[in-house]
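Visitor: Could you take me through one part of this protein in detail? I'd like a close look at the sheet and whatever cavity sits in the structure.

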Amino acid sequence: MKGTPSNATATSIHDPLTGLYSRIYMADAVQRLCDLHDRNGSDAVIAMLLDIDHFKQINDTFGHSQGDEVLRQVAQLILGMVREGDIAIRLGGEEFILFMTSKTAAEGQALAERIRRAIDGLVVVANKAPLNVKVSLGTAVRYRGETLLNLIERADRALYQAKRGGRNRVVASELSKPSQ
């Protein structure tokens, strides 16, 4: 399965609801990607932070079990779209983050937009009523030497720009490398 480990003996690395990697796994796995990027710099590390729009309203209207079903289906859709080697993580609540390597930032933006469109077409039946799911995404391309925390913070700022801009959209972070 893409985006998840092939050996599931350590359950702490998996989110039990979605099957995606957990935050526990993220620190080690993504740090290895960052270390490789720092050494050779050939492929960029791209972070895509995804948040389900109006998720609290889904839980409040349809119940937490239906909210859980939305989370499971969004996770499965993401897993079906990522490549082997991409790292898909459930951060918690209705937030997911995907890390990928790419030659260009445009490739990451294109994947983020494909994921957004695919989820925009996702309909979950909740209490016999169709529930249309929407997401907002923020992306950031890592610069060499950038900490994982800073990369995630830049993707998070882009995500909030997407939400402030009307939701159900992708926003790319500006490269804000600190001055030397």
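Guide: Here is the sheet, followed by the cavity. This is a predicted model, where local features need pLDDT of at least 70 and side-chain atom pairs count only at pLDDT 80 or more, while totals for chains, interfaces and linings use all residues. Residues are numbered from 1 along each chain as its sequence is written, and side-chain values use heavy atoms, with hydrogens and water left out.

The open sheet has five strands, in the order β2-β3-β1-β6-β7, with mixed pairing. Strands here are DSSP runs of E, at least two residues, and helices are runs of H or I, at least four, numbered from the N terminus; two strands pair if DSSP finds at least two bridges between them. β2 (87-92) and β7 (170-172) are the edge strands with a single partner each, so one side of each has no neighbour in the sheet. From one strand to the next, the twist averages 20 degrees (axes are lines fitted to C-alpha atoms, and angles run from 0 to 180 degrees between N-to-C directions).

β2 pairs with β3 (residues 95-102) in the antiparallel sense over five bridges, and Arg90 stands opposite Phe96 in β3.

Now for the cavity: a set of points on a 1 Å grid over the protein atoms alone where a 1.4 Å probe fits but cannot get out, with lining residues having an atom within 4 Å of a point. The whole structure holds one cavity of 30 Å³ or more. Phe96 is one of the residues lining the largest cavity, along with others including Met48, Ile89 and Leu137. β3 gives the largest share of that lining, three residues.

Definitions and conventions: 1 Å grid on protein atoms, 1.4 Å probe; cavity = no way out; pocket = protein on both sides within 12 Å on 5 of 7 lines; lining within 4 Å. Points joined across faces, edges and corners; volume = space filled by probe spheres on them.
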